[in-house]
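Please look over the model and explain the labels used for it. I would like each label set against its cut-off.

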Amino acid sequence: MVQAQVWNLAKHFDGFPDDSNFELKVEELPEPRDGEVLLEAVFLSVDPYMRLVSCFSLNEGDVMIGTQVARVIQSNNSAFPVGTHVVASCGWRTHTVCDGKGLTTLMADWPQNVPMSLALGAIGMPGLTALYGIEEVLGLQEGDTLLVNAAAGAVGSVVGQIAKIKGCKVVGSAGSDAKVAFVKELGFDEAFNYKTVGSLEEALRKASPDGYDCYFDNVGGPFTTAALQQMKNFGRIAVCGSISMYNDSTPQTGPYPYLTMIFKQIKMEGFMETRWEHKNPESLKRLMGWINEGKLQGREHITKGFENMPAAFIGVLKGQNIGKAIVSV
Ligand SMILES: NC(=O)c1ccc[n+]([C@@H]2O[C@H](COP(=O)([O-])OP(=O)(O)OC[C@H]3O[C@@H](n4cnc5c(N)ncnc54)[C@H](OP(=O)(O)O)[C@@H]3O)[C@@H](O)[C@H]2O)c1
């Protein structure tokens, strides 16, 4: 009999999450039946979307949502022999019995020197988000100037690197001097700490006096109000996230963007990376190719210990991570 440790949503978030929102439980798991496998979590992802999605997809007492890289440790399903590594959306759990539906086996030729945790980061959902936002939404062209915020994070750091691969000028905004130094090491042309610049408008103008062709928005709120003013005519904006608003109990209001959008004839499109799921196998190979060629770095912020899942998650919302936030079991 295997025991699983499981983090439940003890009570819905109201404002900024804290430890009282989570509860650690132990579950006795049944033996896997025909067609089923037993998974053991190796790496778990903590992501901003968990703050948002839990509000409407979970009831209090449900297991927290999330993906993990897991190893098959018992198998009655020939598609997933013992020892296979999969990406599984089974939530914040150390062990899971499941029938194999929705499991994605890691690329067959995953190189030994590439950490498997990247399947939750640069060669996983955040990397795909960066790629699809750039190619499918922005249609980024060589020579464009691109602005990205939360630039040192899982998505933002990949956005900037892909834009450099495509021959663009890249400006990043991030919340600490260490993050700014990190994105400059990645090859960003300009970067600034949005928490310490006196004026966002001036920082944006100084970084690109001619304005921006493209803006990959992870943050929303007042940052976007300032960025809109610095867009070039016919600028394109990919609305990927709005993390500056996720913990608000009272929704933020205006200033409203309409006049700027009209006069600058800006195109703004929200997206979810799942729209291009059918392209994932080919896209993941491209991301892995860039990693192998040394053109893409998948920096990670690893927290050790399943017991630290809530702390790691809250850390992301506090901006404590550089690169993809991961929990290793
Ligand atoms: N549309 C999609 O399909 C999709 C998929 C994945 C992610 N996303 C979105 O993309 C964004 C980035 O996600 P990620 O996984 O890459 O996370 P991440 O950037 O690795 O971590 C979140 C970062 O957001 C910044 N942040 C936190 N609170 C903030 C606030 N109040 N104001 C401004 N910045 C704040 C922090 O960086 P600083 O220190 O720089 O502030 C923090 O490190 C999120 O908005 C997420 O919801 C969307």
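The questions and answers below go through exposure, helices, domains, the core and the ligand shell.

This is a predicted model, in which local features need pLDDT of at least 70, side-chain atom pairs count only at pLDDT 80 or more, and totals for chains, interfaces and linings use all residues. Residues are numbered from 1 along each chain as its sequence is written.

Q: Why is Pro-281 called exposed?
A: A residue is exposed if 12 or fewer other C-beta atoms lie within 10 Å of its own, buried if 20 or more do, and partly exposed in between, with C-beta atoms placed from the backbone. Pro-281 has 10, so it is exposed. Pro-281 lies in helix 8 (residues 280-292). Its C-alpha atom is 8.6 Å from that of Met-107, 174 residues apart along the chain.

Q: What makes Arg-51 partly exposed?
A: The count of C-beta neighbours inside 10 Å is 19 for Arg-51, so it falls in between the two limits. Arg-51 belongs to helix 1. Helices are DSSP runs of H or I with at least four residues, strands are runs of E with at least two, and both are numbered from the N terminus.

Q: Which residues is Arg-51 in contact with, leaving aside its neighbours within four places in sequence?
A: They are Phe-13, Pro-17, Tyr-246, Asn-247 and Leu-317. Contact requires C-beta atoms, placed from the backbone, within 7 Å.

Q: Why are the buried residues of helix 9 said to be on the same side?
A: The buried residues of helix 9 are Met-309, Pro-310, Ala-312, Phe-313 and Val-316. They cover an arc of only 165° around the axis, so they sit on the same side of helix 9. The arc is that of the directions from the helix axis to the C-beta atoms. In general, an α-helix has 3.6 residues a turn, so residues three or four places apart point the same way.

Q: Which elements do the buried residues of helix 9 pack against?
A: They pack against strand 1 (2-9), strand 2 (22-29), strand 3 (37-45), helix 1, strand 14 (300-304) and strand 15. Gly-319 follows helix 9 and has a positive phi, near 75°.

Q: What are the domains, and where do their bounds come from?
A: Domain 1 is 2-121 + 298-328, and domain 2 is 125-274. The bounds come from an automatic or database domain assignment. The C-alpha centres of domain 1 and domain 2 lie 29 Å apart. Their contact takes 15 residues from domain 1 and 15 residues from domain 2.

Q: Why does the largest nonpolar core lie between the domains?
A: A nonpolar core is a set of buried Ala, Val, Leu, Ile, Met, Phe, Trp, Tyr and Cys residues joined through C-beta atoms within 7 Å. The largest has 89 residues, of which Leu-146, Val-159, Val-183 and Phe-216 touch the most other members. Helix 2 (residues 125-138) gives the largest share, 8 residues. Domain 1 and domain 2 both give residues to this core, so it lies between them.

Q: What makes a residue part of the shell around the ligand?
A: Its C-beta atom, placed from the backbone, lies within 6 Å of the molecule. The ligand is surrounded by 29 residues, and the closest are Gly-153, Val-155, Gly-175, Gly-241 and Gly-319. Helix 3 gives the most to the shell, with 3 residues. Domain 1 and domain 2 each supply at least three residues of the shell.

How values were computed
Two residues are in contact if their C-beta atoms, placed from the backbone, lie within 7 Å.
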